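Please open the model in your viewer and keep the selection panel at hand. The tour goes from the whole chain to a pair of helices, then to a single side chain, and ends at a pocket.

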Amino acid sequence: MSDTAEAPADKRIYVDKQSPKAYHALVQTADAVRATAAEAGLDRILVELVNIRVSQINGCAYCLDVHTRAALRAGETARRLGVLAAWRDTELFTDRERAALDLAEATTAPADALAQERACDSARRSLSDDEISAVIWVAITINAFNRVSIMSKHPVRETPAKR
């Protein structure tokens, strides 16, 4: 098949494999963002909550799988993960987490200027400037990874049970 021929409708191109230099640059960005978040004082659970919430909004099954497992390894509870999509309607999240989630949602849907303003105002009450910047970078980065996985149709496969 030539580069200009169409791929079968049921087969997507794994853009991370097709363009490894671009993907590697995104991975390097993620590494820098993870370091920035740690330096700003964001713990791994809060970062994973942002990753999961953004992935929920975008409907990225692959990233939801990866980051749910990472959150559980970091000590997050199944209960909080189960209600994360409805975080506004629970008392299970701290003010800091609520501010970060609100900011992540506003970053994911940037066309809603009013939501952005409310999220930024809320974030200023609970997060430092460094933390706000780090949360926005986490949301930007997971949004990019969501698009890579969604457009590539990365599969979520059953893992064999350990014996």
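What follows is a sequence of selections, each with a short account of what is there.

**The whole chain**

Begin with everything displayed as a cartoon, bearing in mind that this is a predicted model. The secondary structure comes to 8 helices and 0 strands, so that reading along the sequence gives the pattern α-α-α-α-α-α-α-α. If you orient the view along the principal axes, the C-alpha atoms fill a box of roughly 55 × 45 × 30 Å. Colouring by accessibility shows how the 163 residues are divided, with 37% of them counting as buried. In a contact map restricted to separations of 6 or more, residues 24 or more positions apart account for 69% of the contacts.

**Helices α3 and α6**

Next, select residues 44-58, which form helix α3, together with residues 95-108, which form helix α6; the two pack at an angle of about 35°, with their axes 9 Å apart. Their crossing is right-handed. Now show side chains at the place where they meet: from α3 these are L46, L49, V50, R53, V54, I57 and N58, and from α6 they are R96, E97, A100, L101, A104, E105 and T108. By class, this contact has 8 nonpolar, 2 polar and 4 charged residues.

**E48**

Stay on helix α3 and pick E48, which lies in it. Is E48 buried or exposed? Its relative accessibility is 1%, and because the cut-off for buried is under 20%, E48 counts as buried. To see what surrounds this side chain, add H67, A70 and A71, with which E48 is in contact once its neighbours within four places in sequence are left aside.

**The largest pocket**

Keep H67 selected and move to the largest pocket, in which about 450 Å³ of space lies. Of the 24 residues that line this pocket, H67 is one of the closest to its centre, along with Y23, V66, I142 and F145. Which elements give two or more residues to the lining? They are α1 (15-18), α2 (20-40), α3, α4 (61-74) and α8 (129-152), and a different colour for each helps to trace the wall. The largest share of the lining, 6 residues, comes from α2. Finally, recolour the lining by residue class, which divides it into 13 nonpolar, 5 polar and 6 charged residues.

How values were computed
Residues are numbered from 1 along each chain as its sequence is written. This is a predicted model: local features need pLDDT of at least 70, side-chain atom pairs count only at pLDDT 80 or more; totals for chains, interfaces and linings use all residues. Side-chain values use heavy atoms; hydrogens and water are left out. Axes are lines fitted to C-alpha atoms, for helices over the stretch in contact, and angles run from 0 to 180 degrees between N-to-C directions. Helices (H or I, at least four residues) and strands (E, at least two) are DSSP runs, numbered from the N terminus. A crossing is left-handed if the near helix is turned anticlockwise from the far one by less than a right angle, and right-handed if clockwise. Contact means heavy atoms within 4.5 Å. Ala, Val, Leu, Ile, Met, Phe, Trp, Tyr, Cys and Pro count as nonpolar, Asp, Glu, Lys and Arg as charged, and the others, Gly among them, as polar. Buried means under 20% relative accessible area, exposed over 50%, partly exposed in between (1.4 Å probe, protein chains only). On a 1 Å grid over the protein atoms alone, a cavity is a set of points where a 1.4 Å probe fits but cannot get out, and a pocket is an open set with protein on both sides within 12 Å along at least five of seven lines; lining residues have an atom within 4 Å of a point. Grid points are joined across faces, edges and corners, and a volume is the space filled by probe spheres set on the points.
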